[in-house]
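Here are some short exercises to work through with the coordinates open beside you. Try each task before reading its solution.

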Amino acid sequence: MEQEAKTQTITKDMTIGDVVAKYPACIEALQAAGVHCVGCHVSYYETLEQGFKGHGMSDEEVEIVISNLNKAVEESKLDEGKDFIITSKAAEKLKEVLKDNSKDGSGLRVEVVPGGCSGSQYSLELDDNTTDLDNVIDEKGVRIIISKDNIQFLKGAKLDYVESLQGGGFKISNSNAHSSCGCGQSF
């Protein structure tokens, strides 16, 4: 266990704020562990261990979450340089949507279209058809279809599925979008 701690990227004495800033891939793992204070003002002063124990976790549970955070960092390294990233959670939800709509074998077409208060927005739709003008990404058991005209706007973007008090839905995080509107629906 001691040697494992030496090779870990994330340790329990790091602050929550530092981890979130340096390793955004950890946000989902933190939230899955019930730690939703990723943007909280205390996250910059409180270590992971202090925060986890403040949420009632035992020493064993702290170690499990730390291990999950390190796994998230390692998995995110596998996504570096990809044209388009789909999270495991998004892939599982997409499989469910395809099955519910009797569209097994179809894909999700992701496009950037004119609209919204900032000028562009994303369009997501189930699609059975592809042409030679499309990039097709088969990953994690699902198919993502992006037209070659749109790939430049989506290079390195990530499709996730998020659940909140307002409901759930697919969300695209895109470092190519330099600004967005207040409602977050356009960029």
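A nonpolar core is a set of buried Ala, Val, Leu, Ile, Met, Phe, Trp, Tyr and Cys residues joined through side-chain atoms within 4.5 Å. Keep in mind as you go that this is a predicted model.

**Exercise 1. The overall layout**

Task: Find how many helices and strands the protein has, and give the order in which the elements run from the N terminus on.

Solution:
- Step 1. The count gives seven helices and seven strands.
- Step 2. Reading from the N terminus, the order is α-α-α-α-α-β-α-β-β-β-β-α-β-β.
- Step 3. Of the 187 residues in the protein, 34% are buried.
- Step 4. For the surface, the protein exposes about 11,200 Å², and carbon and sulfur atoms supply 48% of that area.
- Step 5. Among contacts with a separation of 6 or more, 56% are between residues 24 or more positions apart.

**Exercise 2. The nonpolar cores**

Task: Work out which residues have the most contacts inside the largest nonpolar core, and which elements give two or more residues to this core.

Solution:
- Step 1. The largest nonpolar core holds 19 residues, and F84, I86, V110, I144, I146, L154 and L159 have the most contacts inside it.
- Step 2. Two or more residues come from each of strand 1 (84-86), helix 6 (88-100), strand 2 (107-114), strand 5 (142-147), helix 7 (151-154) and strand 6 (157-164).
- Step 3. Helix 6 makes the largest contribution to this core, giving four residues.
- Step 4. Now zoom in on I86: setting aside neighbours within four places in sequence, I86 is in contact with A91, E139, K140, V142, I144 and L159.
- Step 5. There is also a second, separate core of 18 residues, and I16, V19, A72 and V73 are among its members.
- Step 6. As background, nonpolar side chains in soluble globular proteins tend to be buried together.

**Exercise 3. The four-stranded sheet**

Task: Give the strand order of the open sheet of four strands, and explain why one side of strand 3 and of strand 4 is left without a neighbour in the sheet.

Solution:
- Step 1. The order is 3-2-5-4, and the pairing is mixed.
- Step 2. Strand 3 (120-127) and strand 4 (134-139) are at the edges with a single partner strand each, so one side of each has no neighbour in the sheet.
- Step 3. From one strand to the next, the twist averages 25 degrees.
- Step 4. Strands 2 and 3 run antiparallel and are joined by eight bridges; V110 stands opposite L124 in strand 3.
- Step 5. Helix 6 packs on the sheet and touches strand 2, strand 3 and strand 5, with its direction at about 95 degrees to that of strand 5.

**Exercise 4. Positive phi**

Task: Decide whether S102, which has a phi near 50 degrees, is buried or exposed, then look at K140 in a similar way.

Solution:
- Step 1. Most residues other than glycine have a negative phi.
- Step 2. S102 lies in the loop between helix 6 and strand 2. With a relative accessible area of 67%, S102 is over the 50% cut-off and therefore exposed.
- Step 3. K140 has a positive phi of about 55 degrees and sits in the loop between strand 4 and strand 5. K140 is partly exposed, at 34%.

**Exercise 5. An aromatic pair**

Task: Classify the geometry of the rings of Y161 and F170.

Solution:
- Step 1. A search of the whole structure finds one aromatic pair.
- Step 2. The ring centres of Y161 and F170 are 5.3 Å apart and their planes are at 75 degrees, so the pair is edge-to-face.
- Step 3. Y161 is buried, with a relative accessible area of 10%, whereas F170 is partly exposed at 27%.

Notes
Residues are numbered from 1 along each chain as its sequence is written. This is a predicted model: local features need pLDDT of at least 70, side-chain atom pairs count only at pLDDT 80 or more; totals for chains, interfaces and linings use all residues. Side-chain values use heavy atoms; hydrogens and water are left out. Buried means under 20% relative accessible area, exposed over 50%, partly exposed in between (1.4 Å probe, protein chains only). Contact means heavy atoms within 4.5 Å. Accessible areas come from the Shrake-Rupley method with a 1.4 Å probe; for residues, only the protein chains shown count as cover. Two strands pair if DSSP finds at least two bridges between them. Axes are lines fitted to C-alpha atoms, for helices over the stretch in contact, and angles run from 0 to 180 degrees between N-to-C directions. Rings of Phe, Tyr and Trp (its six-membered ring) pair if their centres lie within 6.5 Å; planes under 30 degrees apart count as stacked, over 60 as edge-to-face and the rest as tilted.
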